[in-house]
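User: Please take a close look at the ligand site in this model. I would like to know what surrounds the ligand and what the space around it is like.

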Amino acid sequence: MIRQIKKSGGQYFYIGNGAVCCMLKIAYGKAQLLHLGAPLSEDDCEALCCETVLGWEPGVLYREGDTRSCLDELPLAWSERGTGDYRETPVGLLYEGTEICPDFVWSSAGEVNTEEYDAVLPHARGAQETVKLVFTSSNRLLEGLTLELRFSLFETALVRQAVLINRSDKPLKVMKLMSACADLQGSFMVSTFDGGWIREAHIHTVPVTRSRVANGSAGGFSSNRHNPGFLLSRPGVSDDAGEVYGFNLLWSGNHYSSVQRSSVGFTRVLQGISPDGLCLDLLPGGRIETPEAVAAWSGRGYNGLMENMHRFVNESVIPEAWRYQERPVLYNNWEGCMFKFNEGKLLSLAKKAKKIGCELFVLDDGWFGERDNDQAGLGDYSVNRRKLPNGLEGLSKKIHDLGMQFGLWFEPEAVNPDSDCFRQHPDWVLSSPGTGPFYARNELLLDLTKPEVRDYIVESVSAILDKADIQYVKWDMNRNSPVSGNKAYEYILGLYDVLHRIFDSRPRILLESCASGGNRFDLGMLCFSPQIWASDDTDPVERLDIQNGLYYLYPQSTIGAHVSAAPHGVTLRATPMSTRSNVAFFGDFGVEFDLDSMKPVDEAELKETIAYYKQHRKTFQFGRFSRNGTEEGTLCWQVSDGEKTFCGLFHKLIPAGPEIEWLRVNGLDPDRTWHVEARSQLLRVGAYGSLLRFATPVPLDTEGTIIRLADRHYQMRDGGFSAECSGAALQSGIPLGKRFTGTGYDASLRVQGDFQSNVFCIVPKT
Ligand code: DGJ
């Protein structure tokens, strides 16, 4: 509900529903933020007004003689330097080379209709209501300069956005324009999601203090270094209890957010595009629309926040055609082949992928130009006939004849210097004036700010999509940008234009965004691409941290998660197939290793596993996600659709003589009786190592032919478990079956070596 309330004390705005609430007061013409967070009643607005009286300190009064008008001490929803607020401000303008304060004052409020939105910037869709508060500059030189603060209420989140419109006759330079500003009361911890290539989205939490914490990116991406999403939580918050705010941004380029506690105890939160090097022209008649900034709130700890964030993304960000649509189980040939393949090899892989239950075959890098390694071919779209003599159409037809869908990898934003594209258009390359070129992965970026470059990409990619009967596209991007500031900002606008032009008219193509893994895992890309390749690190133990971090902000359905080879290609860690699968269950499941070298036992296990996933994928991809309090060293992910619930219990290093383990399940009807069943898993004979010598009638060499042969063809059942009990008992925890401590195999024993895991299915007792 959005309401404008007039009281004797002033003008108020109430924007709230059962999940989030924001209250504003117009005071001195400025937007005071009375409240953002817990759902409150509009009747509380006057009680929330915060007044400070300036004494002898050197604070500046906005209205001379009015000692309550020190903006530095008030909670604000917007602010400008030059009005007496000395905290970090969301806007910076230059006029004739000098910083100028627009001193915006409120003029009106109104509705926003969708035609008013920038056509290129991605937007969340399906707001319950939207209001814009319009402020005009009271600076004598800037008459007509207008700021709109838009507030859109969604079922589980609030979206804010700032729009600057130059109706003055003065040309301005915009050095900084944040999407949103908020001052929140009380103490907080701030959590950011940081990392790098193959270690994305690791959560880091520090207290919010008087020193500023800045979370930003500079490489031209939303980045794997610092995701644009972050959390503010009250000290002591847990998975199930306490107050948490989640913030995010619909933007895929350089971003900036900051939090800092002020001298009177407000935490200022800014979110927006990075102002680093920015100097945008805002000419008379021009306007700049900032990306949408998201705020969600939970009073039920992280689990409540994840529920709100996930619903917002699933319902308002993901392209409509893919909303709550089950994602296919895919096979991707990258980790299995890299650049070394031909049609015969691909078809052999596709047949095996089909046999184990994959539905979509994805041909990754290396199908075009002279692409036998990463040194040539990027930028070219001619098919490599040495590898694919029948072209993409021929391959696609054969894949379809097998009963699979066909998907293709592109990296359209980059070129190798050794490519026809670069030889013909060396001037299309993105560079910073007077320096470079600086290479990364032997690549240069194309300048997406140039219309002719965008046309080339749109025409080349579209032609292939239309010719080769393609159902899925992996859109990759593998290097940091050589530019910053305006050029980096305009590059992302160019990228959005290209994505609109290719995919708006092809809504049934499933787009999976990728940037060296999760270098562009953000809400901007999710507006086009329902899922994103989360990381090139498919080691399930590493994925526990990566996916666990992403879940705070993004639902399972957005996270590409594949089963790959063990020992793993980047960590050399050997993990059981069951754990590789169990981790991938909590995302968009895929398979990515050389199936031609798959052992018969792995084939049988994967086939069983994929059938299980397909049977329950709606719950895995779209069920309500939560985490269960578990013991140190273990992690428990839960997804539930109300009827069916799955819990994944994951271990990293196993202590010797482990304690009894308990399964706890959140949120089930406490009075109903539930049936719990562990997913049936297999155990390699070789896992027992030299212990086998005591179990066989004659001692066998554990490295010898017999054991190796047994390991290829025979597996034992591991960790069978079932129980029946009330939802209340499950909430409190039920003990799981015994774990291996040196002896005594039977099918219900849980052989919990390092990196073992189980998935439990909980359904109502029939
Ligand atoms: C980086 C991606 O993250 C990988 O999955 C793969 O597509 C390679 N690029 C191909 O070059």
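Analyst: Here is the ligand site, followed by the pockets and some backbone details.

This is a predicted model, so local features need pLDDT of at least 70 and side-chain atom pairs count only at pLDDT 80 or more, while totals for chains, interfaces and linings use all residues. Residues are numbered from 1 along each chain as its sequence is written, and side-chain values use heavy atoms, with hydrogens and water left out.

Start with the shell. The ligand is surrounded by 13 residues. A residue is near a molecule if one of its heavy atoms lies within 4 Å of it. D364, D365, K474, D476 and D536 are the closest. By class, the shell holds 6 charged, 4 nonpolar and 3 polar residues. Ala, Val, Leu, Ile, Met, Phe, Trp, Tyr, Cys and Pro count as nonpolar, Asp, Glu, Lys and Arg as charged, and the others, Gly among them, as polar.

Now the polar contacts, which are pairs of N or O atoms within 3.5 Å. D364 places a polar side-chain atom 2.7 Å from an oxygen atom of the ligand. K474 also has a polar side-chain atom 2.7 Å from a ligand oxygen. For N478, an N or O atom of the side chain is 3.5 Å from a nitrogen atom of the ligand. The ligand taken alone exposes 300 Å², and the protein buries 98% of that. Those areas come from the Shrake-Rupley method with a 1.4 Å probe.

Next, the space itself. Rolling a probe the size of a water molecule over the atoms shows where empty space is left. The ligand sits in the largest pocket, meaning that more than half of its atoms lie within 2 Å of the pocket's grid points. A pocket is an open set of points on a 1 Å grid over the protein atoms alone, where a 1.4 Å probe fits, with protein on both sides within 12 Å along at least five of seven lines; lining residues have an atom within 4 Å of a point. This pocket holds about 680 Å³ of space. The volume is the space filled by probe spheres set on the points, which are joined across faces, edges and corners.

The largest pocket has 38 lining residues. W197, N478, S516, G517 and D536 lie nearest its centre. The lining divides into 16 polar, 11 nonpolar and 11 charged residues. Helix 2 (residues 334-337) gives the largest share, 3 residues. Helices (H or I, at least four residues) and strands (E, at least two) are DSSP runs, numbered from the N terminus.

S516 deserves a second look. Its phi is positive, about 45°, although S516 is not a glycine. Most residues other than glycine have a negative phi, and most peptide bonds are trans. S516 is in the loop between strand 28 (510-513) and helix 8 (523-526).

Two peptide bonds also stand out. The bond from G436 to P437 is cis, with omega near 0°. P437 is in the loop between helix 5 (420-424) and strand 26 (444-445). A566 and P567 are also joined by a cis peptide bond, with omega about -5°.

How values were computed: Polar contact = N/O pair within 3.5 Å; in protein donor to acceptor, adjacent residues only side chain to side chain.
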